[in-house]
Amino acid sequence: MSDTTAAVPTTGSNQMYVLHVNGVDHEIRDAWLGESLLYVLRERLGLMGSKGACEQGECGSCSVLVDDELVCGCLVLAASATGQRIVTIEGVAPVGAPSDVQQAFVDAGAVQCGFCTPGLIMATHALLDRSPEPTEYEIREELSGNVCRCTGYGRIIEAVQRVAVARRGGAA
Amino acid sequence: MSATTATTTTTTTTTTTGAPVTGRLGDSPVRPDGIAKVQGSFAFSGDLSADGSLWGATLRSPHPYARIVSIDLSGAWAINGVEAVVTAEDVPGKPTYGLIDQDQPVFASEYVRYVGEPVAAVAANHPETCRRALAAIRVEYEVLEPLTDPERAADGTFPPIHPNGNVFRHQRIVRGDTEATGEVVVESDYEIGMQDQAFLGLEAALAIPDPGGEGVELYVATQWLHEDRGQIAACLDLPAEKVRLTLGGVGGAFGAREDISLQVHTCLLALRTGRPVRIAYSREESFLGHVHRHPARIWMRHHATRDGKIVKIEARIVMDGGAYASTSSAVLINAVTHMQGPYKCENAVVDGWAVRTNHLPCGAMRGFGVVQACFAHEGQMDRLAAACGLDPVEIRLRNAMETGDRLITGQVIENVAPVRECILETAALPLPDEPVGGHDGDPMRLPGGAGLTADRSHIRRGIGWGVAIKNLMYSEGFDDFSTARVTLRDGVASLKFATAEVGQGFVTLAGQIARSVLGVDDVVLEPIDTTVGSAGSTSASRQTWMSGGAVDGACRLVREQLFAHVGAQHGVDPLRLAIDGRDVVDTMGDLCVPVAQATAGLVFEDTFEHHHRPTEELDENGQGNCHTAFAFVAHRAVVDVDPELGLVKVVQIATAQDVGRALNPLSVIGQIEGGIAQGVGLAVMEEIVQIDGRVRNANFTDYLLPTFLDMPDVVATLIEHPDPMAPLGAKGVGEPPCISSTPAVVAAIRDAIGKDLTRTPVRPSDIVF
C-alpha cells in the first residue's frame with residue numbers, strides 16, 4: 001500500500017498562497033498548483049455553491065466575481081487569483097436572507113433542478129449592476145453564457161424583469 | 001474512520017397560521033428547496049463528502065470494439081496516494097447489470113464494445129492522482145472491426161458482437177386489413193440523430209462502507225433508488241438491505257439517470273478501501289458514461305382517402321441501441337405502438353427493430369421512443385396534407401383521435417383525448433408580431449446573430465406543426481407502483497417517500513397534496529431514501545400520477561384516522577366529517593375543530609401504495625392493452641431561416657397541452673418551456689456525432705445546447721379536463737413538450753425554404769445543399 005498521508009500529487013511545486021474570498025483571506029497550503037479556482041473554492045474552502053458542469057467555460061455554472069468581473073471559476077487557476085477580490089454565491093447574501101435576485105428566482109419559478117442557478121444568480125447581479133433596466137433581448141444576450149437545461153429560460157427572464165421593475169420602485 | 005459529514009436536507013415548509021390558506025392543489029407555491037438552491041447551499045450529489053474520503057476514477061475503453069489481451073495495473077499501484085485499483089476480477093457478485101436484460105459489464109473483461117466502456121477504476125487521495133493512475137494502467141487490446149451500421153445488425157449480416165446477439169428486440173404490429181390502400185399514398189425515409197440528456201449536474205456519488213465491509217451507504221443522484229439498490233446489491237453480492245441509498249441532490253436527469261453508471265464502481269472502491277469514496281464525472285465522461293436517445297431510421301407510408309382520411313399506415317423502424325440493452329426493448333415498443341400518432345387509424349403494418357452496435361449505449365430520454373415515431377408521423381402528415389391539397393391544421397383535425405378510438409395495438413383510448421382541442425387552441429394563439437430581424441433591426445435577432453450576418457432580405461419565415469400522443473407510466477405488464485408514508489403529529493404532516501426529485505418539483509406537489517387533504521399548513525419532507533417502499537422511477541411522466549397518488553392515498557388514510565378520533569371525541573359519525581381550510585368540520589352540524597388542536601399530542605400514521613391498472617404484453621402481431629394511459633399535445637413553430645448560410649432562428653413556439661388538471665400551474669409552465677427547449681435542441685443543434693464508433697463532440701463546446709438566445713418565446717394554453725382515471729385528475733406533463741416540438745420546428749424550416757428535410761437535427765448543410 002502506498003503512502004496515504006499525501007494530500008496532493010507528489011510532483012509539482014506546492015507553495016502557500018492566499019485567496020481573498022467573500023471578504024476573508026484564506027491561506028491555501030500544500031495544494032497542487034494545477035488546481036482551478038473552482039476546485040479550490042469547493043474542495044479546499046468548502047464553498048460548494050459554485051458548480052462545475054462543463055469545465056471549459058461554456059455553461060457558466062461556476063460563475064464567480066474576480067475583482068468585480070464575472071468569470072468562469074473553472075477557467076481560472078486558483079493560484080493566479082491571489083490579491084484579487086473573489087465573490088462567490090455564498091458571498092451574495094447571508095444564508096436565510098436571500099438577495100432580491102435570489103428571491104425573485106424562487107418566486108418566478110426560475111429554479112428547477114437548481115444546478116445552473118448559483119451561476120445565473122451571479123450573472124444576473126452582474127447584469128443588473130451594469131444595466132439596471134435591460135430589455136428582454138439584452139437579458140438574453142447578457143445571460144447567454146449561462147446554460148440551463150431544465151427551464152427553457154422563460155421563468156428566468158421573468159425573474160430578472162421582476163427585479164428590474166422592483167428596483168426602480170415597482171413602476172411597470 | 002472518523003464520523004462522516006454527509007447529510008441530506010430535511011425540508012420544512014411553513015405558511016403563517018392565520019393567513020389565507022395557500023399552497024394547496026391548484027396553487028403555485030414556491031419550491032421548498034428553492035431558497036437553498038438560489039443561495040448555493042442545496043447539496044447536490046457532487047457536493048457531498050465525508051471525512052477521510054478518497055476520489056475514484058474510471059479507466060475507459062478507447063476502442064469501439066476490441067478484445068482485451070492483458071491488463072497491467074502495476075503502474076497505477078506504484079503511484080503514491082493510490083489506495084485501490086479494481087477490474088472485472090474484483091466484482092464479487094453478478095458481473096453485469098441492466099434495467100431489463102443484465103448484459104452490461106460492471107467492468108469489461110474479455111471484450112470492450114464501445115468507446116468509453118469501463119475497464120478499471122482507481123481510488124486515490126486527489127483527482128489528479130487518479131488521473132495519473134489511470135494513465136499508468138497498461139491495457140493491451142486486439143482491435144476488432146466495429147459494428148456501426150444498425151441495418152447490418154438488423155439483417156443479421158454482421159457476426160454477433162455479444163453472446164446475446166445483435167438484435168435486442170423485433171416487434172411487428174399487424175392490424176386490420178393489411179391489403180387496404182388509399183387513393184393517396186405518401187412515403188418517405190426519416191432519420192433522427194442521437195441526443196444527449198445533457199443534465200448540468202454531472203454524475204456524482206459518495207459511498208460510505210460499513211465497518212467490516214458488511215454493507216455500504218450510497219448517496220447518489222438517480223431517478224430510481226430501489227432499482228439501483230437491487231442492481232448494486234447483486235453486483236456486490238450483498239443482501240439488498242445492506243445497500244442503503246439516499247438521494248443526493250439531482251442536477252437534472254431526463255432519463256440519463258435511470259441506468260446505473262458509477263454506482264457499483266463507487267461502492268466497490270469504498271468496500272475495497274474501507275474508506276468513503278467520491279466519484280465525480282467530467283462532462284466528457286458523462287457523455288460516455290450514460291445512455292442516450294436512440295438514433296433511428298424510419299421508413300413510413302400513409303394511405304389515405306382523397307379528402308385526407310388515413311386508411312392505413314406502414315412503417316419500418318430501426319433503432320440503434322448501442323452496445324448494451326438498457327431499456328432498448330421498451331423504447332422500441334413505445335416507438336412502434338405510437339407510429340400512428342394522435343390520429344384515427346384502422347389498418348397498420350409496422351415492423352421495428354432495436355439492435356446492438358458498437359455505439360454508445362442508448363436507453364431512456366424524455367419522450368422514450370415516441371420522439372422518434374413522432375418525427376416520422378408528423379413529416380408524413382405534412383406530406384399527406386400537400387398531396388390532398390389541405391393545410392397542415394386541416395389534415396390533423398380530420399384525423400384527430402378521440403376517447404374511444406383504438407391504437408394500432410387494438411387498445412382503446414379510455415383517457416380524456418382532446419386532440420382536436422389541442423390543435424384548435426394552439427392555432428388560436430397569436431403569431432409573433434415581430435418581423436424578421438425584430439422591430440428594432442438589431443442584427444442579433446437574425447439567424448446566426450451578429451457573428452454570422454445574414455442578408456436580411458434573403459431570410460424567409462416558415463410555420464410548421466407537430467401533434468403528439470404519449471403514453472404515461474410503464475407498459476407491458478410492469479407494475480410500477482409508488483409508496484408513501486404520512487405521519488400527522490401536532491398539526492404537522494411528515495411525508496416519507498423514495499420519489500426522486502430531479503428538479504421537476506414533486507417535493508412542491510407533495511406538500512400541496514398534504515395541505516389539501518389534511519388541512520395543515522406545515523409539511524415536513526423526510527429524506528428521500530430506501531428506508532420506505534419503492535416509488536418507481538422518476539420517468540415516463542409518471543410521478544405526479546403515481547407518487548402523487550401514493551401521497552394522496554396515504555393522506556386520505558390518515559385523514560380517516562383523524563376523523564375517527566374526532567368523531568369519537570365529539571360523538572359524531574366520522575362519515576359526516578370533512579376538512580375545511582385548517583379545520584375538521586361536521587358537514588351536518590356545527591362542530592369545527594382545528595386540525596392542529598385535534599392532533600395535539602397525538603400521532604396518526606399510515607402508508608399507501610398506489611398501483612395503476614394492470615397492462616398486458618403485446619402478442620406476436622403487436623396486439624394488446626400494453627399501455628396505462630395517454631396524454632396529448634400540439635405545437636406550432638415559427639422560424640426564420642437564412643437559406644444561404646443554413647442558419648435557423650426559432651422565433652416562437654405555440655402549444656396547447658392536455659394536462660388533465662394543473663395541480664401547480666407554474667410548475668406545469670416550467671415543464672412545458674423546458675421540454676420545448678429540448679425539442680428545439682433536437683430540431684436544430686443537438687446531436688452526438690460518432691464516426692467509426694468514436695464520439696467526436698463529447699463536450700459543451702461541440703455538442704450545442706440551446707442558450708437564452710436560441711430559445712424562442714413560448715406561448716402556451718393548458719387544456720384542463722381532469723382525467724377520471726388519474727388519482728388527482730392530473731396527467732404527467734414532462735414528456736409531451738419535447739415530442740412534437742421537434743417536428744414542428746423542422747416542418748417550419750421546410751415551409752420556409754421549400755425543401756424536403758427528413759433528418760433531425762437539421763444541419764446548415766441540409767438547408768444549403
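These exercises work through a predicted model, from the whole of chain B down to single residues and then to the contact between chains.

**Exercise 1. The overall form of chain B**

Task: Decide what radius of gyration a compact globule of 769 residues would have, and set it against that of chain B.

Solution:
- Step 1. Start with the expectation: for 769 residues, a compact globule would have a radius of gyration near 27 Å.
- Step 2. Take the model's value. Chain B has 27 Å, which agrees with the globule rule.
- Step 3. Add the box. Along the principal axes, the C-alpha atoms of chain B fill roughly 75 × 75 × 60 Å.
- Step 4. Add burial. Of the 769 residues in chain B, 62% are buried.
- Step 5. Add contact range. Among contacts in chain B with a separation of 6 or more, 81% join residues 24 or more positions apart.
- Step 6. Count the elements. Chain B holds 17 helices and 32 strands.

**Exercise 2. Domains of chain B**

Task: State how chain B is divided, then describe how domain 1 of chain B meets domain 2 of chain B.

Solution:
- Step 1. List the segments. Domain 1 is 11–17 + 481–610, domain 2 is 47–144 + 202–250 + 257–289, and domain 3 is 296–475 + 617–768.
- Step 2. Find the spacing. The C-alpha centres of domain 1 and domain 2 of chain B are 39 Å apart.
- Step 3. Count the contact. Domain 1 of chain B gives 14 residues, and domain 2 of chain B gives 13 residues.
- Step 4. Sort by class. The domain 1 side of this contact has 5 nonpolar, 7 polar and 2 charged residues.

**Exercise 3. Strand β20 and its partners**

Task: Which strands pair with β20(B), and in what sense?

Solution:
- Step 1. Locate the strand. β20(B) covers residues 482–489.
- Step 2. Check burial. 6 of its 8 residues are buried, so β20(B) is largely enclosed by the rest of the structure.
- Step 3. Take one partner. β26(B), residues 603–610, pairs with β20(B) in the antiparallel sense over 8 bridges. Here B:Val486 has B:Asp606 as its bridge partner.
- Step 4. Take another partner. β21(B), residues 492–497, is also antiparallel to β20(B), over 6 bridges. Here B:Thr487 is bridged to B:Ser494.
- Step 5. Inspect the turn. β20(B) and β21(B) make a hairpin with 2 residues between them. In that turn, B:Asp490 has a positive phi of about 50 degrees.

**Exercise 4. Strand β2, both faces**

Task: Are the two faces of β2(B) buried or exposed?

Solution:
- Step 1. Split the faces. B:Leu54, B:Gly56, B:Thr58 and B:Arg60 point one way, while B:Trp55, B:Ala57 and B:Leu59 point the other way.
- Step 2. Read the burial. All of these residues are buried. For β2(B), residues 54–60, that is 7 of 7.
- Step 3. Place the parallel neighbour. β15(B), residues 277–280, pairs with β2(B) in the parallel sense over 3 bridges. The bridge partner of B:Leu54 is B:Val277.
- Step 4. Place the antiparallel neighbour. β8(B), residues 118–124, runs antiparallel to β2(B), with 6 bridges. B:Ala123 of β8(B) stands opposite B:Gly56.

**Exercise 5. Helix α9**

Task: Find the span that α9(B) should have, and compare it with the model.

Solution:
- Step 1. Count residues. α9(B) runs over 370–388, which is 19 residues.
- Step 2. Apply the rise. At 1.5 Å a residue, α9(B) should span 27 Å.
- Step 3. Compare. The end C-alpha atoms of α9(B) are 26 Å apart, which agrees.
- Step 4. Look at cover. In α9(B), 17 of 19 residues are buried.
- Step 5. Look past the end. B:Gly389, just after α9(B), has a positive phi of about 70 degrees.

**Exercise 6. B:Glu187**

Task: Classify the exposure of B:Glu187 and find what B:Glu187 touches.

Solution:
- Step 1. Place the residue. B:Glu187 is in β11(B), residues 184–192.
- Step 2. Count neighbours. B:Glu187 has 13 C-beta neighbours inside 10 Å, and therefore counts as partly exposed. The cut-offs are 12 or fewer for exposed and 20 or more for buried.
- Step 3. List contacts. Leaving out residues up to four places away in sequence, B:Glu187 touches B:Met300 and B:Arg301.
- Step 4. Compare sequence and space. B:Glu187 and B:Met300 are 113 residues apart in sequence, but their C-alpha atoms are 5.5 Å apart.

**Exercise 7. Chain A against chain B**

Task: How many residues does each chain give to the contact, and which element of chain A gives the largest share?

Solution:
- Step 1. Count both sides. Chain A gives 51 residues and chain B gives 56 residues.
- Step 2. Name the elements. On the chain A side, those giving two or more residues are α2 (100–108), α3 (117–130), α4 (136–142) and α5 (154–167).
- Step 3. Pick the largest share. α2(A) gives 4 residues.
- Step 4. Sort by class. The chain A side has 26 nonpolar, 16 polar and 9 charged residues.

Key. Residues numbered from 1 in each chain as written. Chains lettered and ligands numbered in written order. Predicted model: local features only at pLDDT ≥ 70, side-chain atom pairs only at ≥ 80, totals over all residues. Contact = placed C-beta atoms within 7 Å. Nonpolar A, V, L, I, M, F, W, Y, C, P; charged D, E, K, R; others polar. Domains from an automatic or database assignment. Rg over C-alpha atoms; globule rule 2.2 N^0.38 Å. Pairing = 2+ DSSP bridges. Expected span 1.5 Å × (residues − 1).
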